[in-house]
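Here's a quick briefing on pockets, strands and ring contacts. Have the model open while you read, and click along as the residues come up.

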Amino acid sequence: MTAIKKFEPTNSALLIMDYQRLIVENYLSEKAAADVLAKTATLVDAARAADVKVIYVTVGFREGHPEISSKNALFSAIREKGLLVTGAPESAIHPDVSPQAGELVIIKHRIGAFCFTDLDMILKTNDIQTLIMAGLTTSGVVLSSVRQAFDLDYNLIVAADCCADADEATHSVLTNSILPQHAEVQTADELIKRMIAGTN
């Protein structure tokens with residue numbers, strides 16, 4: 001993937017995707033969760049300081065899960081267990097990376113951040129051209145959202161250590177071989193240096 005020549009903080013957004021308590025606490029090991037939360041919290045703070053817009057994306061449903069079709073095997077299991085109802089404690093964004101007042105939270109009903117949401121409209125309205133992706137899981141929301149955003153002509157950067165998967169080998173294959181076909185893949189520390197340089 002060709003590197004983005006110039007990083008413009010004011011035309012960039014950091015997407016914090018599916019950092020919800022249910023996902024953090026059930027799909028990752030305790031160590032992996034602690035590591036990814038610490039890295040992402042640092043990246044979020046740097047983004048705010050650099051005037052990079054921070055946008056949260058969560059998965060959530062109404063009571064009774066009317067958004068879920070019985071044809072959808074993955075989400076049908078969520079409906080059967082009554083999980084991820086909007087406003088429920090397990091649906092909340094993890095407190096280590098929680099939004100500040102005025103920061104947008106997009107609620108989605110499928111894996112990808114752009115599927116049936118107004119995210120693309122909001123980004124284009126705010127002249128956002130570059131997206132920095134951080135999400136749980138790498139094989140879920142990150143992979144789906146990168147491919148959707150690529151088709152929508154955004155410049156893309158994946159914060160590799162701000163993404164994690166239940167299977168570490170899957171995360172490694174995606175960040176080293178698959179995602180670089182559509183996006184730059186960098187660490188949080190590398191991105192923070194770019195943010196600082198972009199503000200000078």
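For sorting pocket linings, Ala, Val, Leu, Ile, Met, Phe, Trp, Tyr, Cys and Pro count as nonpolar, Asp, Glu, Lys and Arg as charged, and the others, Gly among them, as polar. By that scheme, the lining of the second largest pocket splits into five nonpolar, three polar and six charged residues.

A word on ground rules: this is a predicted model, where local features need pLDDT of at least 70 and side-chain atom pairs count only at pLDDT 80 or more, while totals for chains, interfaces and linings use all residues. Residues are numbered from 1 along each chain as its sequence is written, and side-chain values use heavy atoms, with hydrogens and water left out.

**Pockets**

- Pockets are found on a 1 Å grid over the protein atoms alone: a pocket is an open set of points where a 1.4 Å probe fits, with protein on both sides within 12 Å along at least five of seven lines, and lining residues have an atom within 4 Å of a point.
- Grid points are joined across faces, edges and corners, and a volume is the space filled by probe spheres set on the points.
- The second largest pocket comes to about 270 Å³. Its lining has 14 residues, and Ala32, Asp35, Cys163, Ala164 and His171 are the closest to its centre.
- Helix H2 (30-49) and helix H6 (168-178) each put at least two residues into the lining of the second largest pocket, with H2 giving the most, five residues. Helices (H or I, at least four residues) and strands (E, at least two) are DSSP runs, numbered from the N terminus.
- The largest pocket has a volume of about 450 Å³. Of its 23 lining residues, Ile23, Tyr27, Leu74, Ile78 and Leu84 are the closest to the centre.
- For the largest pocket, helix H1 (21-27), H3 and helix H5 (138-151) each supply at least two lining residues, and the largest share, five residues, is from H3.
- The lining of the largest pocket breaks down into 14 nonpolar, four polar and five charged residues.

**Strands**

- Strand S1 (residues 12-17) runs parallel to S2, joined by five bridges; two strands pair if DSSP finds at least two bridges between them.
- S2 also pairs with strand S3 (residues 105-108), again in the parallel sense, over four bridges.
- What is the bridge partner of Met17 in S2? That's Val57, and Val57 also stands opposite Ile106 in S3.
- Six of the seven residues of S2 are buried, so S2 is largely enclosed by the rest of the structure. Buried means under 20% relative accessible area, exposed over 50%, partly exposed in between (1.4 Å probe, protein chains only).

**Ring contacts**

- There are two aromatic pairs in the structure. One of them is Phe61 with Phe75, edge-to-face at 5.8 Å centre to centre and 70 degrees between the planes.
- Phe61 sits in the loop between strand S2 (53-59) and helix H3 (73-81), and Phe75 in helix H3, so the pair ties together parts that are 14 residues apart in sequence.
- Rings of Phe, Tyr and Trp (its six-membered ring) pair if their centres lie within 6.5 Å; planes under 30 degrees apart count as stacked, over 60 as edge-to-face and the rest as tilted.
- Both rings are buried: Phe61 at 1% relative accessibility, Phe75 at 5%.
- Arg110 lies over the face of Phe75, 5.9 Å from the ring centre (the cut-offs: NZ of Lys or CZ of Arg within 6 Å of the ring centre and within 35 degrees of the ring normal).
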